[in-house]
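Visitor: I've got a model open and a list of labels attached to it. Could you walk me through how each label was earned?

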Amino acid sequence: MNAMKPLLLALFTAGLLVNTLSGAEPTDDSLATVKKNVEKDKAVLVDVREKGEWDNGHIAGATFLPLSELRNGISKSALAKRISKDQIIYTHCAVGIRSCRAADYLLKHGYDVRPLKPGYKDLVAAGFKKAKE
C-alpha cells in the first residue's frame, strides 16, 4: 500500500492540473432559459466567432466579439463599451470550444459569463432569430 501512495498522489495532482487548465465549462442553462433571459434583457448573446463566420449569418441582437480580439488583449474600457456587467453574458461560437475560451477571458474581467455548448446553427434551430442580411 505504501508503494501506491506516490502513484495516487501523482494521479491526484495531475487531475487537479487538468481541471485548472481546462477553464470555463459550458453552462447547464437550457436554450429555452437562454432565450427567455435574452428576451427579458437579463442576458445578451456574445458571438465569439470570427468576422467571416459572423458575416455568413448571426443571431439578431447578438454582440460581435471575436475570440481573436479577446486573445489580442482588449482594454477594460473597450470591453465595457461593448458588453455590460449588468447582464448575463452567453458566449457562443460554432461548437462550444471558442465560447469556453472566450468565457475564460471575460471571467477574468468580472463578467457573469456562461458559455454555450450549442453553436450558431443550434441556436437558429432552437428559434433564435437570424439577423437580416
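**How the labels were earned**

Guide: Happy to, and keep in mind that this is a predicted model. Let's start with the sheet: three strands make up an open sheet, in the order 2-1-3, with parallel pairing. Strand 2 (63–64) and strand 3 (88–92) are at its edges.

Visitor: What makes strand 2 and strand 3 edge strands?

Guide: Each of them has a single partner strand, so one side of each has no neighbour in the sheet.

Visitor: How do you know that strand 1 and strand 3 pair?

Guide: A pair needs at least two bridges. Strand 1 (residues 43–47) and strand 3 share five bridges, in the parallel sense, so they qualify. One of the residue pairings is Leu45 with Tyr90 of strand 3. Helix 2 (residues 31–39) lies across both strand 1 and strand 3, at about 110 degrees to strand 1.

Visitor: After helix 2 comes a loop with Asp41 in it. Why is Asp41 called exposed?

Guide: Exposed means over 50% relative accessible area; Asp41 has 59%, so the label fits. Asp41 also has a positive phi of about 60 degrees, though it isn't a glycine. For context, most residues other than glycine have a negative phi.

Visitor: Why is there no disulfide between Cys93 and Cys100?

Guide: The sulfurs would have to be within 2.5 Å. The closest cysteine sulfur to that of Cys93 is in Cys100, 7.6 Å away, so that is too far for a bond. The search of the whole structure finds zero disulfides.

Visitor: And why do Cys93 and Cys100 count as buried?

Guide: The cut-off is under 20% relative accessible area. Cys93 has 1% and Cys100 has 11%, so both get the label.

Visitor: Why is the aromatic pair of Trp54 and Phe64 called tilted?

Guide: Planes under 30 degrees apart would be stacked and over 60 edge-to-face, with the rest tilted. This pair has 35 degrees between the planes, so it is tilted. The centres are 4.9 Å apart, which is within the 6.5 Å limit. Trp54 belongs to helix 3 (residues 51–55) and Phe64 to strand 2, so the pair ties together parts ten residues apart in sequence. Trp54 is also buried, at 13% relative accessibility.

Visitor: What makes Lys108 count as sitting over the ring of Tyr105?

Guide: On distance, the limit is 6 Å from the ring centre, and the charged end of Lys108 is 5.9 Å from that of Tyr105. Arg49 lies over the face of Tyr120, at 4.5 Å from the ring centre.

Terms used: Residues numbered from 1 in each chain as written. Predicted model: local features only at pLDDT ≥ 70, side-chain atom pairs only at ≥ 80, totals over all residues. Heavy atoms only, no water. Buried < 20%, exposed > 50% of the residue type's maximum accessible area, 1.4 Å probe, protein only. Helix = DSSP H or I, 4+ residues; strand = E, 2+ residues; numbered from the N terminus. Contact = heavy atoms within 4.5 Å. Axes fitted to C-alpha atoms, helices over the stretch in contact; angles between N-to-C directions. Phe/Tyr/Trp six-rings, centres within 6.5 Å; stacked < 30°, edge-to-face > 60°. Lys NZ or Arg CZ within 6 Å of the ring centre and 35° of its normal.
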